[in-house]
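Work through the exercises below with the model open beside you. Try each task before reading its solution.

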Amino acid sequence: MQRLKRAVLPLAIVATGIGAAAIMIANRPHAAQVEMEVPATTVETIVVLPGDHVARIRAMGLVKPERQVVIAPEVTGRVIEQNAQLVPGGRVRAGDPLVRLDPRDYTAAVTATQAEVARANLSVREETTLRRVAEHEWKDRPAGFSDETLAYALREPHIDAAQAQVSSAKSRMARARRDLERTLVRTPFDALVVSEEVEVGQSVGPAAPIATLVGIDRYWIMISIPVAQLAYIEVPGVSTDTELGSRVRVFNEAAGEQHAAREGHVIRLLGSVDPRGRMAQVVVAVDDPLGLQAEVATRPAPLLLDTYVRVEIDGRTLSAVVPIPRAALHGDHRVWVVDDDHRLRSREVEIAWREPGRVFVSSGLRRGDRVVTSALAIATDGMKIDEATRPSDPSAPEIAVADPPSTPSSEQDG
């Protein structure tokens with residue numbers, strides 16, 4: 001009996017525990033199911049407004065002279081006078097004398113040739129007089145005289161030779177006078193003296209340059225742009241029949257506070273690409289580069305040769321395009337927009353033009369669309385968002401950025 005009790009007692013205890021556990025589980029409290037609300041992400045948006053925009057091409061350019069000439073005398077001589085402005089940096093006007101050579105030898109040559117002309121004229125008068133005498137003597141031509149013999153007797157060959165001597169002497173005299181005039185070397189155009197290599201007392205000649213001059217009426221700016229951007233600008237002889245092409249603003253930022261924009265125009269497209277960047281080479285002309293036509297008090301800083309300047313070329317007008325910040329793009333041609341239910345929607349767009357800081361969309365967006373401008377670390381189509389909206393102004397000032405790199409990559413999508 002004792003053995004039976006020892007065997008049944010543990011089983012009874014286990015059965016009791018299981019029953020108690022079953023009763024507790026059956027009577028446990030039940031938690032109500034509550035749907036969790038995911039907080040909405042706050043983003044900034046802009047309301048887009050289509051408008052017209054002038055495509056501006058930004059680049060760097062190198063200032064070069066339109067006209068440059070090395071001055072050398074056409075005759076040999078010793079310098080006896082020199083213009084005080086014939087120094088590096090001096091300015092001279094068209095027709096100003098630069099140097100004067102000793103003219104004495106050339107004056108003597110003119111006098112000598114004048115004497116030759118006088119002797120030749122005397123010979124013509126003598127032969128003319130002798131002809132009159134011969135005509136009187138041979139007015140009755142003897143039988144057997146040929147026309148050639150009679151012409152010789154009437155001194156016609158002698159007169160022809162004397163007249164030829166007159167022409168030759170006059171040619172030598174004209175040359176002597178030109179040489180005399182060439183002893184005074186003049187400036188061919190309004191110019192800036194780049195270098196000077198002559199002094200009073202120095203003997204010079206045609207093989208000895210005395211100065212290098214550059215014209216100051218107009219400078220050129222040589223710029224390189226991506227070949228694809230040529231379609232957006234007017235180039236005389238290429239995309240327009242006018243003498244001047246697209247308007248260009250030139251910023252001489254090296255001049256500090258005086259770098260007010262100068263105005264120029266595209267005038268030429270070179271026939272080859274830049275060998276380093278494989279970019280198109282365009283020539284821009286800027287008139288009065290030294291600002292000499294303005295009042296002294298209001299003159300801008302002069303453009304200096306071989307300096308780099310920033311240029312903005314006004315291209316053609318893009319119609320009905322939407323400006324958005326470049327940060328609004330995700331991927332290369334997609335943006336996030338907010339629908340009427342405050343949910344994100346991905347939209348594919350077509351880019352017509354790219355500029356530093358913003359792009360211009362030609363299709364894919366409509367007036368009044370709300371485009372997300374905030375950077376989203378995680379975004380999914382249909383995600384709930386809160387938005388802070390501001391209007392978009394197509395004519396708003398452009399975002400200030402650093403100068404674009406001069407690489408073949410274009411700032412426009414074309």
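**Exercise 1. Read the strand order of the sheet that contains strand 3, and find its edges.**

Solution. Keep in mind that this is a predicted model.
- Step 1: Four strands make up an open sheet in the order 3-10-8-5, and the pairing is antiparallel.
- Step 2: Strand 3 and strand 5 (91–92) each have a single partner strand, so they stand at the edges and one side of each lacks a neighbour in the sheet.
- Step 3: Now look at strand 8 (residues 191–196) and strand 10 (residues 211–215). They run antiparallel and are joined by five bridges.
- Step 4: To fix the register, take E196, which stands opposite A211 in strand 10.

**Exercise 2. Place V69 and decide whether it is buried, partly exposed or exposed.**

Solution.
- Step 1: V69 belongs to strand 3 (residues 68–71).
- Step 2: Its relative accessibility is 24%. Buried requires under 20%, and exposed requires over 50%. V69 therefore counts as partly exposed.
- Step 3: List its contacts beyond the neighbours within four places in sequence. They are P188, F189, A211, T212 and L213.
- Step 4: Check one long-range pair. V69 and G215 are separated by 146 residues in sequence, while their C-alpha atoms are 8.6 Å apart.

**Exercise 3. Classify T187 and list its contacts beyond four places in sequence.**

Solution.
- Step 1: T187 sits in the loop between strand 7 and strand 8.
- Step 2: The relative accessibility of T187 is 4%. The cut-off for buried is under 20%, so T187 counts as buried.
- Step 3: With neighbours within four places left out, T187 touches V92, R93, A94, G95, D96, L98 and L213.
- Step 4: Compare the two lists. L213 is a contact of V69, and L213 is also a contact of T187.

**Exercise 4. Which strands stand at the edges of the sheet with the order 7-6-4-9?**

Solution.
- Step 1: This is an open sheet of four strands with antiparallel pairing.
- Step 2: Strand 7 (184–186) and strand 9 (203–204) are the edges; each has a single partner strand, so one side of each has no neighbour in the sheet.
- Step 3: Strand 4 (residues 77–82) pairs with strand 6 (residues 97–101) through three bridges, in the antiparallel sense. One bridge partner in strand 6 is L101, which matches V79.

**Exercise 5. Summarise the whole chain.**

Solution.
- Step 1: Count the elements: four helices and 22 strands.
- Step 2: The chain has 414 residues, and 35% of them count as buried.
- Step 3: Take contacts between residues at least 6 apart in sequence. Of these, 76% join residues at least 24 apart.
- Step 4: The accessible surface is about 24800 Å², with 53% belonging to carbon and sulfur atoms.

Notes
Residues are numbered from 1 along each chain as its sequence is written. This is a predicted model: local features need pLDDT of at least 70, side-chain atom pairs count only at pLDDT 80 or more; totals for chains, interfaces and linings use all residues. Side-chain values use heavy atoms; hydrogens and water are left out. Helices (H or I, at least four residues) and strands (E, at least two) are DSSP runs, numbered from the N terminus. Buried means under 20% relative accessible area, exposed over 50%, partly exposed in between (1.4 Å probe, protein chains only). Contact means heavy atoms within 4.5 Å. Two strands pair if DSSP finds at least two bridges between them. Accessible areas come from the Shrake-Rupley method with a 1.4 Å probe; for residues, only the protein chains shown count as cover.
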